[in-house]
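Hi,

Here is the structure I said I would pass on to you. Have a look at it first, and then read on for my notes.

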Amino acid sequence: MKILNRQVAWVTGLVVAGVLAGSSFVTVQAAEFIMPVESGKVTVSADEQHKNLYVLGSNILVNSNTTGDLYIAGGNVTIEGNVEGDLTLAGGTAYVNGTVGGD
């Protein structure tokens, strides 16, 4: 059952990321995309600088601050850094410990 849930989470995440990217791509400039290479885990370290960031993965940890907007789709999501703009998040479990300046 867990494997099926992971597969459903991945497919849902890909669909959400595609919709978010497709609907906002025309107006977004300097967007950055981060996807996992193999394990599904993504960590954005505190010393990285990102603007208008899109992240997809099964387990996501964002330690850095984001200027602009942050779009995330994942199974387990933790955001420790601050988001200057809007935060759009789709996930199974989400923890937002930083501040969000927009919506």
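A word on confidence before anything else: this is a predicted model, and the protein chain averages a pLDDT of 81, with 72% of the residues scoring at least 70. The weak spot to know about is residues 24–28, where pLDDT stays under 50. The model has 4 contacts beyond four places in sequence for that stretch. Where pLDDT is low, the predicted coordinates should not be read in detail.

Now the overall layout. You will find 1 helix and 5 strands in the protein chain, and along the sequence they follow the pattern α-β-β-β-β-β. Of the 103 residues, 34% count as buried. The accessible surface comes to about 6200 Å², and 56% of that belongs to carbon and sulfur atoms. If you take the contacts with a separation of 6 or more, 10% of them are between residues 24 or more positions apart.

Next, how the strands go together. E2 (residues 41–44) pairs with E3 (residues 50–62) in the parallel sense, over 4 bridges. In that pairing, lysine 41 sits opposite asparagine 59 of E3. E3 in turn pairs with E4, also in the parallel sense, over 11 bridges. E4 then runs parallel to E5 (residues 87–96), and 9 bridges join these two. One of the partners there is leucine 89 in E5, which is bridged to isoleucine 72.

E2 is a nice place to look at side chains. They alternate along the strand: Val42 and Val44 point to one face and are buried, while Lys41 and Thr43 point to the other face and are not. E4 is mostly covered, with 11 of its 14 residues buried.

Where do Val42 and Val44 end up? Both belong to the largest nonpolar core, which has 12 residues in all. The other members are Leu53, Val55, Ile60, Val62, Leu70, Ile72, Val77, Ile79, Val83 and Leu87. E2, E3 and E4 are the elements that give two or more residues to this core. As a general point, nonpolar side chains tend to be buried together in soluble globular proteins. Val77 is worth clicking on: leaving aside its neighbours within four places in sequence, valine 77 is in contact with Ile60, Ile72, Leu89, Thr93, Ala94 and Tyr95.

I also looked at the aromatic rings, and the count comes to 2 aromatic pairs. Phenylalanine 33 and tyrosine 54 are stacked, 4.7 Å centre to centre with 20 degrees between the planes. Phenylalanine 33 lies in strand E1 (residues 32–34) and tyrosine 54 in E3, so this pair ties together parts that are 21 residues apart in sequence. Are the two rings' residues buried or exposed? Phenylalanine 33 counts as partly exposed because its relative accessibility is 47%, whereas tyrosine 54, at 6%, counts as buried.

Tyrosine 54 also forms a stacked pair with tyrosine 71, at 4.5 Å centre to centre and 10 degrees between the planes. This pair links distant parts of the chain, since tyrosine 54 is in E3 and tyrosine 71 is in E4 (residues 66–79), 17 residues apart. The two tyrosines stand opposite each other in the pairing of these strands. Tyrosine 71 has 10% relative accessibility, so tyrosine 71 counts as buried. Taken together, Phe33, Tyr54 and Tyr71 form one aromatic cluster.

Cheers

Technical notes
Residues are numbered from 1 along each chain as its sequence is written. This is a predicted model: local features need pLDDT of at least 70, side-chain atom pairs count only at pLDDT 80 or more; totals for chains, interfaces and linings use all residues. Side-chain values use heavy atoms; hydrogens and water are left out. pLDDT is the predictor's confidence in each residue, from 0 to 100. Contact means heavy atoms within 4.5 Å. Buried means under 20% relative accessible area, exposed over 50%, partly exposed in between (1.4 Å probe, protein chains only). Two strands pair if DSSP finds at least two bridges between them. Accessible areas come from the Shrake-Rupley method with a 1.4 Å probe; for residues, only the protein chains shown count as cover. Rings of Phe, Tyr and Trp (its six-membered ring) pair if their centres lie within 6.5 Å; planes under 30 degrees apart count as stacked, over 60 as edge-to-face and the rest as tilted. A nonpolar core is a set of buried Ala, Val, Leu, Ile, Met, Phe, Trp, Tyr and Cys residues joined through side-chain atoms within 4.5 Å.
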